[in-house]
Amino acid sequence: LAQRLQELERRHEKTCEEVFRVQRQALFMKSERQAAEDRLGAAQKQLEQAQDEARRLRELHGQAEDAARLVRDRDRKITELSKEVFRLKEALNALPESGGPPQSPPNTAALQARIQALEEKLEETETRHSKVVTLYRSHLLYAVQ
């Protein structure tokens, strides 16, 4: 009986040691799981931030494309106005040189007024154009950064 009792005590000690080892291992695994969950949460947060940044960059890219389209339109308008002003100046310069009967002064005044109006419109368009170009450049610089 004593021998059997010792055997049971030895088994009990081994079982207790095994239980203690398993509990320690479970605690370690729990802390490892918690650390993994923390890392996962941080990674998810970084992913959300990256997605927000990508969405913002797509919006900025769209705005930059819109600004580029506006710049092209403004350039085209400026070119057209410049051509028209040039044609009108040429026509005005050709008037005194022509050998035909002199034109009436109101017609010349009307042409000069038209030229002046077109030059003012050209200046205004160039000013708006430079503002759009500045905005476009700042959007591009911000997107690049």
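In which helix is Arg-33 found? Arg-33 is found in helix H1 of this predicted model, and the legends below move from the whole chain to individual residues.

**Figure 1. Overall form of the protein chain in the predicted model.** The protein chain contains 2 helices and 0 strands. Its radius of gyration is 42 Å, well over the 15 Å that the globule rule gives for 145 residues, so the chain is more spread out than a compact globule. Along the principal axes, the C-alpha trace spans about 145 × 15 × 15 Å. Among contacts in the chain with a separation of 6 or more, 84% are between residues 24 or more positions apart.

**Figure 2. Surface and charge of the protein chain.** The exposed area of the protein chain is about 12100 Å², and carbon and sulfur atoms supply 56% of this area. Of the 145 residues, 13% count as buried. The chain carries 26 positive and 25 negative side chains, with the centres of the two sets lying 5 Å apart.

**Figure 3. Spans annotated as "coiled-coil region".** The UniProt record, an unreviewed entry, lists residues 5–67 and residues 108–135 under this name. In the model, residues 5–67 are 100% helix and 0% strand, and the end C-alpha atoms of this span lie 91 Å apart. Residues 108–135 are likewise 100% helix and 0% strand. The end C-alpha atoms of residues 108–135 are 40 Å apart.

**Figure 4. Close-up of Arg-33 in helix H1.** Arg-33 counts as exposed because its relative accessibility is 54%, and the class begins over 50%. The C-alpha atoms of Arg-33 and His-61 are 41 Å apart in space, for a sequence separation of 28 residues.

**Figure 5. Close-up of Arg-69 in helix H1.** Helix H1 comprises residues 2–97, and Arg-69 lies within this element. With a relative accessibility of 40%, Arg-69 counts as partly exposed. Arg-69 and Thr-127 are 58 residues apart along the chain, and their C-alpha atoms are separated by 17 Å.

**Figure 6. Close-up of His-129 in helix H2.** The relative accessible area of His-129 is 15%, so this residue falls under the 20% limit and is buried. When residues up to four places away in sequence are not counted, His-129 touches Val-71, Arg-74, Asp-75 and Ile-78.

**Figure 7. Close-up of Leu-135 in helix H2.** Leu-135 is partly exposed, having a relative accessible area of 45%. Between the C-alpha atoms of Leu-135 and Leu-88 there is a separation of 33 Å, and the two residues are 47 residues apart along the chain.

**Figure 8. Close-up of His-139 in helix H2.** Helix H2 runs over residues 105–144 and includes His-139. His-139 has a relative accessible area of 16% and is therefore buried, the limit being under 20%. With neighbours within four places in sequence left aside, His-139 is in contact with Leu-60 and Gln-63.

Notes:
Residues are numbered from 1 along each chain as its sequence is written. This is a predicted model: local features need pLDDT of at least 70, side-chain atom pairs count only at pLDDT 80 or more; totals for chains, interfaces and linings use all residues. Side-chain values use heavy atoms; hydrogens and water are left out. UniProt positions are given in the numbering used here, feature names are shortened, and annotations may be inferred rather than shown by experiment. Helices (H or I, at least four residues) and strands (E, at least two) are DSSP runs, numbered from the N terminus. The radius of gyration is taken over C-alpha atoms; the globule rule is 2.2 Å times the number of residues to the power 0.38. Buried means under 20% relative accessible area, exposed over 50%, partly exposed in between (1.4 Å probe, protein chains only). Contact means heavy atoms within 4.5 Å. Accessible areas come from the Shrake-Rupley method with a 1.4 Å probe; for residues, only the protein chains shown count as cover. Lys and Arg count as positive and Asp and Glu as negative; His and the chain ends are not counted. The place of a charge is taken as NZ of Lys, CZ of Arg, CG of Asp or CD of Glu.
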